[in-house]
Amino acid sequence: MGKSLIIYFSHTGENYFDDGLKQLEKGNTEIFAEHIAKAVDGELFKVEAVKEYPNGYYACCDVAKEELHQNLRPELKKQLADISAYDTIFVGYPIWWGTMPMAMFTQLEKLNFQGKKVAPFATHEGSGFGHSLTDVQKCCSGAKILDGLQIRGCKVEKSENKIAEWAKGCVKK
Ligand SMILES: Cc1cc2nc3c(=O)[nH]c(=O)nc-3n(C[C@H](O)[C@H](O)[C@H](O)COP(=O)(O)O)c2cc1C
């Protein structure tokens, strides 16, 4: 079995959680990523922007919207340069305004996905994948994009078995 890498973004702070605002100590997508890592013995890489996003949900929404409208590529704290050691790359994010946070674009566009398998996963509050899969496809040009898994944020913690089953299936494809 080849090696797996999980590249993900997740925002700790105030967020919508089961129809109310809640302060999250660990982001939903991060929990998802950790379930994958455990299931397939994968390595985790967290994408983090230099400029931190506001803690407050509405303030964060405003910043994210502006970044999307300006098609920004926020600078990252650290950046992966080489994924040649991995066969399966799990790419995960919260849906922000219908797609991935722009910081994911910054990272994914820097990598060579030729011949790789990419398994997208997302958390959200109702949008499913939104239009993010089209963006993943564009950013990961040359990869075989596998069927992804999206889960509503508040359901992630209790979905470990579902996530493990999906992740193991991706590695075998
Ligand atoms: C800036 C921002 C924009 C969001 N936009 C959407 C959206 O367009 N559709 C949706 O279903 N949920 C949206 N959400 C909800 C998040 O996708 C959801 O809460 C997700 O599970 C958060 O994951 P995280 O805790 O890993 O950051 C948004 C949340 C934020 C903070």
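The numbered points below comment on a predicted model, taking its ligand shell, helices, one strand and some backbone angles in turn.

1. Basis of the comments. Because the model is predicted, local features are considered at pLDDT of at least 70 and side-chain atom pairs only at pLDDT 80 or more, while totals for chains, interfaces and linings use all residues. Residue numbers start from 1 along each chain as its sequence is written.

2. The ligand shell. There are 25 residues around the ligand, a residue being near if its C-beta atom, placed from the backbone, lies within 6 Å, and those that come nearest are Gly27, Thr29, Pro94, Ser127 and Gly153. By class the shell holds 10 nonpolar, 13 polar and 2 charged residues, where Ala, Val, Leu, Ile, Met, Phe, Trp, Tyr, Cys and Pro count as nonpolar, Asp, Glu, Lys and Arg as charged, and the others, Gly among them, as polar. At least two shell residues each come from strand 2 (13-17), helix 1 (28-40), helix 2 (57-69) and strand 6, with helix 2 giving the largest share, 4 residues. Helices (H or I, at least four residues) and strands (E, at least two) are DSSP runs, numbered from the N terminus.

3. Helix 2. Its 13 residues reach 18 Å from the first C-alpha to the last, close to the 18 Å expected at 1.5 Å a residue, the expected span being 1.5 Å times one less than the number of residues. Just after helix 2, Asn71 takes a positive phi of about 55°.

4. Helix 5. The end C-alpha atoms of helix 5 are 19 Å apart, which agrees with the 18 Å that its 13 residues should span at 1.5 Å a residue. Ile163, Trp166, Ala167, Cys170 and Val171 are buried in helix 5, and seen down the axis these buried residues fall within an arc of 135°, so they line one face of the helix; the arc is that of the directions from the helix axis to the C-beta atoms. A residue is buried if 20 or more other C-beta atoms, placed from the backbone, lie within 10 Å of its own, exposed if 12 or fewer, and partly exposed in between. The face turned away from the buried side carries the exposed residues Asn161, Glu165 and Lys172, whereas the cover over the buried residues includes strand 1 (4-8), helix 1, strand 5 (88-94), strand 6 and strand 8, contact here meaning C-beta atoms, placed from the backbone, within 7 Å.

5. Helix 4. The buried residues of helix 4 (132-139) are Ser132, Val136 and Cys139, and they cover an arc of only 70° around the axis, which puts them on the same side of the helix. They pack against strand 5, helix 3, strand 6 and strand 7 (144-145), while exposed Thr134 and Lys138 sit on the face turned away from the buried side.

6. Strand 8. Leu149 and Ile151 point to one face and are buried, while Gln150 and Arg152 point to the other and are not. Strand 8 runs parallel to strand 6 (117-124), joined by 4 bridges, and two strands pair if DSSP finds at least two bridges between them; Arg152 is the bridge partner of His124.

7. Positive phi in loops. Most residues other than glycine have a negative phi. Asp41 nevertheless has a positive phi of about 55°; Asp41 lies in the loop between helix 1 and strand 4 (43-46) and is exposed, with 11 other C-beta atoms within 10 Å. Trp97, at about 50°, is found in the loop between strand 5 and helix 3 (102-108) and counts as partly exposed, with 16 C-beta neighbours inside 10 Å.

Notes:
Contact = placed C-beta atoms within 7 Å.
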